[in-house]
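Thanks for coming. I will walk through one model, a piece at a time, and then stop.

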Amino acid sequence: MKKNIFIILFIFFLLSSLTAGSVMARMVAVKNDNVNMRSGPSLDKAVIWKLGIGFPLKVVKKSDDWLQVKDFEGAVGWVHKDVVNRSGHMIVKAQKKNNGKINIRNKPNTKSKVVAQAYYGVVFKTLAQQKGWVKVQHGEVTGWIKRSLLWGF
């Protein structure tokens with residue numbers, strides 16, 4: 001009898017931790033421009049950042065209708081669940097120190113033509129992913145970027 005209770009409790013604990021982990025591993029993107037990231041889960045809390053459309057965020061924790069999120073630089077804050085969605089977006093995380101550019105190519109390989117370049121912090125809509133490359137779009141520009149240069153989903 002004690003063995004059965006132990007097994008049931010173990011399964012319950014395992015399922016609970018898997019559910020919490022799946023919420024925490026979730027990525028979201030900001031739906032509109034000028035969205036407030038707050039210091040806590042309330043409209044009364046201070047605005048710590050203004051976020052633009054498509055900005056990708058990793059969900060750390062959930063509290064009622066609020067999500068505690070982390071951005072690509074590690075900043076943590078809170079956004080309301082209604083201001084984000086699951087539309088895939090990536091942000092350029094490479095070349096911060098020397099203000100350099102990364103290449104956007106017409107095909108997913110380093111030998112293909114460069115169609116544009118982007119700086120650190122530029123947000124792209126994710127169109128596809130293939131073997132370490134991401135097909136992205138920003139305005140009129142569409143092309144491929146190495147996945148290791150980006151952060152998001």
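Asn34 sits in the loop between β1 and β2. Strands here are DSSP runs of E with at least two residues, and helices are runs of H or I with at least four, numbered from the N terminus. With a relative accessibility of 55%, Asn34 is exposed. By that word I mean over 50% relative accessible area; buried means under 20%, and partly exposed is in between, with a 1.4 Å probe and protein chains only. The phi of Asn34 is near 65°, which is positive although the residue is not glycine. Most residues other than glycine have a negative phi.

Before I go on, this is a predicted model, in which local features need pLDDT of at least 70 and side-chain atom pairs count only at pLDDT 80 or more, while totals for chains, interfaces and linings use all residues. Residues are numbered from 1 along each chain as its sequence is written, and side-chain values use heavy atoms, with hydrogens and water left out.

Asp64 also has a positive phi, near 55°, and is a residue other than glycine. Its place is the loop between β4 and β5. Asp64 is exposed, at 68% relative accessibility.

Back to β2, which holds Asn36. Asn36 is partly exposed, at 22%. Its C-alpha atom is 4.9 Å from that of Lys50, and the two residues are 14 apart along the chain.

Now the interior. Which residues have the most contacts inside the largest nonpolar core? They are Leu51, Phe55, Leu57, Val69 and Val79, in a core of 19 residues. Strands β1 (27-30), β2 (35-38), β4 and β5 (66-70) each contribute at least two residues to this core. The biggest contribution is from β1, with four residues. A nonpolar core here is a set of buried Ala, Val, Leu, Ile, Met, Phe, Trp, Tyr and Cys residues joined through side-chain atoms within 4.5 Å. In soluble globular proteins, nonpolar side chains tend to be buried together.

Next, charges. How many salt bridges does the structure hold? It holds one. The partners are Lys96 and Glu73, with their closest N and O atoms 3.2 Å apart. Lys96 is in the loop between β8 (89-92) and β9 (101-105), and Glu73 is in the loop between β5 and β6 (76-80), so the pair ties together parts that are 23 residues apart in sequence. For the record, a salt bridge is a side-chain nitrogen of Lys or Arg within 4 Å of a carboxyl oxygen of Asp or Glu. Lys96 is exposed, with a relative accessible area of 51%, whereas Glu73 is partly exposed at 45%.

The loop between β8 and β9 also contains Lys97. Lys97 is exposed, with a relative accessible area of 87%. The C-alpha atoms of Lys97 and Tyr120 are 9.2 Å apart, and their positions lie 23 residues apart along the chain as a separation in sequence.

On the surface, Arg26, Lys62, Lys81 and Arg86 form a patch of positive charge. A patch takes residues with over 30% relative accessible area and no salt bridge, joining like charges within 9 Å, or nonpolar side chains (Val, Leu, Ile, Met, Phe, Trp, Tyr) within 5 Å. Lys and Arg count as positive and Asp and Glu as negative, with His and the chain ends not counted. Each charge is placed at NZ of Lys, CZ of Arg, CG of Asp or CD of Glu. The accessible areas come from the Shrake-Rupley method with a 1.4 Å probe, and for residues only the protein chains shown count as cover. One of the patch members, Lys62, belongs to strand β4 (residues 56-63). Lys62 is partly exposed, with a relative accessible area of 47%.

Last, two places further along the chain. Lys131 is in the loop between β11 (123-130) and β12 (133-138). Lys131 is exposed, at 79%. Its C-alpha atom is 8.3 Å from that of Pro108, with the residues 23 apart along the chain. Val141 lies in strand β13 (residues 141-146) and is partly exposed, at 29%. The C-alpha atoms of Val141 and Ala116 are separated by 7.2 Å, and these residues are 25 apart along the chain.
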